[in-house]
Amino acid sequence: VRNVGILGMEIYFPKQYVDQQELETFDGVSAGKYTIGLGQHRMAFCDDREDINSMSLTVVQNLLSNYQIPITSIGRLEVGTETIIDKSKSVKTVLMQLFSPHNNEIEGIDTTNACYGGTSALFNAVNWVQSENWDGRLAIVVAGDIAIYAPGNARPTGGAGCVAMLVGPGAPIVLESGHRSTFMDHTWDFYKPDFGSEYPFVDGKLSASCYLNAIDHCYRKYIDRFEKSHGMAPHSATLSDFDYFCFHSPYTKLVQKAFARLGFIDFLRSHQPGKWAKIGRVEDPMKVDDPSFDKDVEKTFVAMTEDLFKSKVDPSLLAARELGNMYAGSLYGGLVSLLSEVKPDQLVGKRIGLFSYGSGLSSSMFSLRVVAPPTDIHGALSDFRARLSSRTRVDPAAFDATMQRRERTHGKKGYAPVGKIDGLFPGTFYLENVDERFRRSYGRC
Ligand code: ACO
């Protein structure tokens, strides 16, 4: 099977958002902390009408109808999410409502580890198409979450949204083989042990350093393999071998630092110790296990990579700035942004590097190659900016009240949501009721 990769993409996000500048004032922090310090503009959020099931139903239904996919042509469907509302019943089985009774033979189930589940699901889907068990049909991968934090310094790094991808052979955007790298470890940077709450336990500083350490390991392995598979001299591959990058984005400032870190690794690999003396004061610059990124070095490399960041990374950050962290959906929201912002012809022949990170921790770096103009995908996503700007701004006090309501009603049975249905985008699935046996039913507007 040739050219296995992405044939279609769709993104769903809630119609309401809170403005980060207004949130700075409401939270009483210094002006610019969220907008400049974290690099976030707006944050999408859900009221009690939406949950991970409803968002996934909406994005899959939109993918099926926008690309006119017959439901019998799907042989695999899996979901990457950490928004758990049932310890047994998967989101995937809820999505079977869109296929049953015409197609009940669809492999795949949910995958969870923080923001990494979507990547594991994508790898599974591609592996399936490339395997002996492939039956000739297509796969759908869903990646998304409702990311919310308790009041405090993590709250502005929330967000919400879901991405669906159609995977199969003959794709314009192909997953490259042979270079992919993975770094996994046992850490307590972010986890959700309390099933009675939607909020994680998070050590923000530790999570950012785990993220940077993970990208460090992944990039070094990826680039070594890249050099070997292309017959290149050791240490000759650099950032310039990628045309674009998409990163998991907890907040866009961290992405800029991560990109600068890649520039720093290129510099270390180039073995120019003379230059080093002028740039940093890290004692052992080759020590990869030290996640701390000396502030001077960080500043220097953020400045040195600024132009490259603008051309290679910035086009992928639209969703992250406007929606916030979609956890499992964040990296793929980056790809949606890139494919909607850059013209299909301009992408042909280009390599897109992707970095996926899930706390706890799991991470991978892999790449996509655009082998034909992704015209259908660009067309399907062409209203992305218009949809973003047609949203409703909700003031921070009302956002806060909505979060409090979610806290009170999380995991309740015999509950009828009170959120307004006319506040949703047309065609959105919404939670109608949770009955006395916790069974959730959905309507569509
Ligand atoms: N104007 C401009 N910049 C400002 C301002 C201001 N008024 N005020 C602060 N800043 C800068 C700071 O200097 C800092 O910059 P630096 O990172 O370059 O040092 C930045 O804004 C953030 O300020 P801090 O004081 O460090 O922020 P705080 O500690 O309050 O919280 C954090 C930030 C830790 C990211 C928090 O929001 C959090 O815990 N988020 C959730 C965890 C997370 O997203 N982790 C990432 C990976 S894991 C994952 O995806 C969930």
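Analyst: In this predicted model, Ala, Val, Leu, Ile, Met, Phe, Trp, Tyr, Cys and Pro count as nonpolar, Asp, Glu, Lys and Arg as charged, and the others, Gly among them, as polar. By those classes, the shell around the ligand has twelve nonpolar, nine polar and two charged residues.

User: What makes a residue part of the surroundings of the ligand, and which are the closest?

Analyst: A residue is counted if its C-beta atom, placed from the backbone, lies within 6 Å of the ligand; 23 residues surround the ligand, and the closest are Gly 32, Gly 37, Asn 153, Gly 204 and Pro 250. Helices α2 (33-37) and α6 (204-229) each supply at least two residues of this shell, and α6 gives the most, with five.

User: How do you know where the ligand lies with respect to domain 1 and domain 2?

Analyst: Domain 1 (5-177 + 385-444) and domain 2 (181-372) both give residues to the shell, and therefore the ligand lies between them. The centres of the two domains, taken over C-alpha atoms, are 24 Å apart.

User: What makes domain 1 and domain 2 count as being in contact?

Analyst: Two residues are in contact if their C-beta atoms lie within 7 Å, and 48 residues of domain 1 are in contact with 46 residues of domain 2. On the side of domain 1 that touches domain 2, the largest share, six residues, comes from β7.

User: Why is α7 called roughly perpendicular to α9?

Analyst: The axes of α7 (residues 252-269) and α9 (residues 295-304) come within 8 Å and cross at roughly 90°. Angles of 65 to 115 degrees count as roughly perpendicular, so α7 is roughly perpendicular to α9.

Key:
Residues are numbered from 1 along each chain as its sequence is written. This is a predicted model: local features need pLDDT of at least 70, side-chain atom pairs count only at pLDDT 80 or more; totals for chains, interfaces and linings use all residues. Axes are lines fitted to C-alpha atoms, for helices over the stretch in contact, and angles run from 0 to 180 degrees between N-to-C directions. Helices (H or I, at least four residues) and strands (E, at least two) are DSSP runs, numbered from the N terminus. Angles under 35 degrees count as roughly parallel, over 145 as roughly antiparallel, 65 to 115 as roughly perpendicular and the rest as oblique. Domain bounds come from an automatic or database domain assignment.
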